[in-house]
Protein chains: 2
Amino acid sequence: MAYPTTMNSTLSRRERNKLEKRQRLLAASLLLFREKGYAETKVADITKAAGVAKGTFFNYFPTKEEVLLALGEQMLGKLHQVEAKELFGQGLVQDKVKALFHSLASGLDEDRELLREMVYRGLRLPDLISKERTRLDFRAMLALLLQQGQRQGEVRKDIDVDFVADALFTLYFQQIVSWCSSDFSFSLQDRLDEVVDLIFDSVAVR
Amino acid sequence: MAYPTTMNSTLSRRERNKLEKRQRLLAASLLLFREKGYAETKVADITKAAGVAKGTFFNYFPTKEEVLLALGEQMLGKLHQVEAKELFGQGLVQDKVKALFHSLASGLDEDRELLREMVYRGLRLPDLISKERTRLDFRAMLALLLQQGQRQGEVRKDIDVDFVADALFTLYFQQIVSWCSSDFSFSLQDRLDEVVDLIFDSVAVR
């Protein structure tokens with residue numbers, strides 16, 4: 001996805017510097033949260049690791065919790081090992097949505113404790129649902145896949161793809177929350193397969 | 001539902017007094033939030049209206065926001081004008097779930113501004129999903145209705161009713177959040193009908 005590059009080219013050098021610094025703070029925070037835990041990490045640790053002045057932090061994030069929230073949003077929508085090419089090639093869209101969820105889930109599996117911290121402290125459905133946030137890419141990809149399904153006669157033409165994409169995203173988020181609340185007592189991938197089947201049994205052409 | 005009475009009879013007088021005081025604080029808060037708005041209402045206003053000593057408030061709620069959260073949970077699961085009798089009488093379960101959602105939505109319609117405040121300040125999906133909370137009644141009712149549907153041959157026998165009840169509850173919550181975020185720009189009842197149809201198109205016997 002060429003989005004960041006395209007976007008950067010229209011930004012001034014100052015704006016680009018700002019984006020880069022924000023990204024550096026996020027990357028440093030993620031490493032430290034994983035290594036020392038969220039509670040043990042101080043803002044000073046983050047700025048030191050990111051190589052920025054301590055006061056600078058608050059130009060980017062009002063609190064440490066906001067960093068966690070931003071990381072959570074990135075993490076929930078981050079695609080691992082799935083190429084856009086694969087997603088838009090041949091095959092059933094139902095299987096592709098499963099592959100997309102598997103890919104997201106396998107990324108989350110590596111960061112269980114951090115994910116739990118995020119879910120309980122920071123991540124809120126209202127923020128995730130609001131259109132301005134980063135999960136747009138993921139939701140948009142779900143809508144594109146559903147449209148592809150409509151074109152290839154797999155998905156009913158009379159469904160509202162945005163409505164169904166939102167439902168899929170919401171149920172994905174619900175399962176992550178349940179997974180954390182249950183102390184990771186079930187297989188997230190299996191449960192996400194059930195979510196995809198529930199929705200596709202409804203929207204499939206019969 | 002005889003649940004509160006049954007529960008009270010097993011409680012000591014002291015415990016009953018505590019429950020009553022908590023309920024009085026909640027009722028007084030709701031009236032004041034509606035009348036003056038959440039931000040304008042002070043803890044002292046609430047204790048005065050409820051007729052309890054000011055310091056007592058914090059034995060029940062750590063913050064004013066916690067009162068809003070507790071009210072939100074009651075509100076999202078509160079049944080209006082729908083009798084349990086009706087829900088478990090004759091008829092399609094799909095229509096009954098719609099009636100249940102309509103009833104909940106009409107109650108929320110009267111408290112739009114307060115609802116928005118709740119969604120943005122207090123209500124979080126993790127809290128609503130955790131099993132100990134009050135929404136259990138609503139979720140349990142959805143599961144009972146789905147089981148009724150299975151008995152009368154309307155709903156597939158191979159579905160997990162708890163999984164589907166959770167999905168329905170989550171999508172209900174999502175639509176309330178979207179409704180608030182969009183400044184109440186769509187008909188909540190129509191949208192909830194679409195949610196019920198999406199899920200029932202999946203779980204219906206064909």
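I began with A:Val97 and looked up its contacts beyond four places away in sequence, finding that A:Val97 touches A:Leu142, A:Leu145, A:Leu168, A:Val196 and A:Phe200. I keep in mind throughout that this is a predicted model.

I then turned to the largest nonpolar core, which holds 128 residues; A:Val97 is among the members that touch the most others, together with A:Phe101, A:Leu142, A:Tyr172, B:Phe101, B:Leu142 and B:Tyr172.

Next I asked how the two chains are related, and found that a turn of 180° with a shift of 0.0 Å along the axis lays chain B on chain A with an RMSD of 0.0 Å. That is the relation of a two-fold axis. In chain B, I located the C-alpha nearest the axis at B:Ser202, 1.9 Å from it. I also checked the interface: 100% of the interface residues of chain B are interface residues in chain A as well, so the copies meet through the same surface.

My last entry concerns helix H5 of chain A, residues 64-76, whose 13 residues should span 18 Å at 1.5 Å a residue, which agrees with the 19 Å between its end C-alpha atoms. H5(A) is mostly covered, with 10 of its 13 residues buried, including A:Leu68, A:Leu71 and A:Glu73.

Looking for what packs against H5(A), I found that its axis and that of helix H2 of chain A, residues 13-36, come within 10 Å and cross at roughly 90°; the two helices are therefore roughly perpendicular to each other. Among the residues that meet there, I noted A:Leu26, A:Leu30 and A:Phe33 from H2(A) and A:Val67, A:Leu71 and A:Met75 from H5(A).

Note on methods:
Residues numbered from 1 in each chain as written. Chains lettered and ligands numbered in written order. Predicted model: local features only at pLDDT ≥ 70, side-chain atom pairs only at ≥ 80, totals over all residues. Heavy atoms only, no water. Core = buried A, V, L, I, M, F, W, Y, C linked by side-chain atoms within 4.5 Å. Buried < 20%, exposed > 50% of the residue type's maximum accessible area, 1.4 Å probe, protein only. Contact = heavy atoms within 4.5 Å. Least-squares fit on C-alpha atoms with pLDDT ≥ 70 in both. Helix = DSSP H or I, 4+ residues; strand = E, 2+ residues; numbered from the N terminus. Expected span 1.5 Å × (residues − 1). Axes fitted to C-alpha atoms, helices over the stretch in contact; angles between N-to-C directions. Parallel < 35°, antiparallel > 145°, perpendicular 65-115°, else oblique.
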